[in-house]
Amino acid sequence: MASQLLGSTAKRCDNRSVGVLITDPAGRLLMFDRNTFPPGVAGAAGHIDGHGDEFDAARAEVSEELGLTVTSLSPVCSGWRDNRCRRLPGAEGIGHYWHIYRAEVTGTLTPSARETRNVRWLTPADLQTLTARTAAYARGQITNAQFAEAPGVEPVWVAWLVAAGVVNATRGDLDNIDRAAARGHGMDRKDSPVTSVRNHYGPAEITADGKVIAGGKQVSFTGVNADGSFPGEHGEEDQ
Ligand SMILES: [Zn+2]
């Protein structure tokens, strides 16, 4: 079973992500419910992959996910997060070094139906309410199914919104939410081998035939479909 799940067709994480905050003159943010794993209200974001540098990747994600053209990018913050994506762990294990930008855009909003739904402008007050929902989810007060149905802010985005001065969260809630981001939606068993790769064993090694080895043991991917996607997630690519 595990060898099937770890087929060579599954994409590996590059451990590099960008996220883009698009604001209007009234201070609202253009965000959406992610239609790909993991669920949550988010801005345009994705892996850097072959897009070039992080600025190029930010422009590409805004274009791919929202159909808009970036006219200026201002760095907000950057840093490593242990957040889970749907790919096989990368050379640095599970997590991403993120670059977050504020962007000005032009063009006509034409969101990707595959990657987004319910694209809308949210006020800081709206986002504070959605952050409270994520905090409740991270505390186990909202189930995975309930969160997927009516998501709060995607866990990894909460700290970026705090850093950007848009919302507030307590240290305790931020820690809980970061743990939720590291577990990954629907992967939240304490013994999940996937989520323990980086923290307990250091970076995973991936063998030529696609097996992931951590701490001398092959890692199994409980909860991942045979094609590498996650249950309930039918996108052909990830973020
Ligand atoms: Zn990734």
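In this predicted model, helices H3 and H5 are oblique to each other, because their axes cross at roughly 135 degrees, and angles over 115 degrees but not over 145 fall in that class. The two axes come within 10 Å. H5 covers residues 155-163, and its crossing with H3 is left-handed. On the H3 side the contact is made by Leu127, Thr131, Thr134 and Ala138, and on the H5 side by Pro155, Val158 and Leu161. Sorted by class, these residues are 5 nonpolar and 2 polar, with no charged residue in the contact.

H3, which runs over residues 124-138, also packs against H6, residues 171-183. Here the angle is about 70 degrees and the axes are 8 Å apart. An angle of 65 to 115 degrees counts as roughly perpendicular, and H3 and H6 are therefore described in that way. This crossing, too, is left-handed. H3 contributes Thr134, Ala135, Tyr137 and Ala138, which meet Asp173, Asn176, Ile177, Arg179 and Ala180 of H6. The residues of this contact divide into 5 nonpolar, 2 polar and 2 charged.

Two residues of H3 take part in both contacts. Thr134 and Ala138 are listed where H3 meets H5, and Thr134 and Ala138 are listed again where H3 meets H6.

From H5 the description leads to the nonpolar core. The largest such core has 46 residues, and those touching the most other members are Val20, Ala58, Val62, Ala103 and Leu161. H5 gives the most to this core, with 6 residues. Leu161 thus appears in two places: among the H5 residues in contact with H3, and among the core residues with the most fellow members around them.

Val62 is another of these core residues, and its contacts can be followed along the chain. Setting aside neighbours within four places in sequence, Val62 is in contact with Val20, Ala44, Leu68, Val70, Ala103 and Val105. Val20 and Ala103, two of these partners, are themselves among the residues that touch the most other core members.

The chain as a whole gives the setting for these details. Its secondary structure comes to 7 helices and 10 strands. The protein chain has 239 residues, and 43% of them count as buried. Among contacts with a separation of 6 or more, 73% are between residues 24 or more positions apart. The contact of Val62 with Ala103 is one example of residues with that kind of separation.

Conventions: Residues numbered from 1 in each chain as written. Predicted model: local features only at pLDDT ≥ 70, side-chain atom pairs only at ≥ 80, totals over all residues. Axes fitted to C-alpha atoms, helices over the stretch in contact; angles between N-to-C directions. Helix = DSSP H or I, 4+ residues; strand = E, 2+ residues; numbered from the N terminus. Parallel < 35°, antiparallel > 145°, perpendicular 65-115°, else oblique. Left-handed = near helix turned anticlockwise from the far one by under 90°. Contact = placed C-beta atoms within 7 Å. Nonpolar A, V, L, I, M, F, W, Y, C, P; charged D, E, K, R; others polar. Buried ≥ 20, exposed ≤ 12 C-beta atoms within 10 Å, placed from the backbone. Core = buried A, V, L, I, M, F, W, Y, C linked by C-beta atoms within 7 Å.
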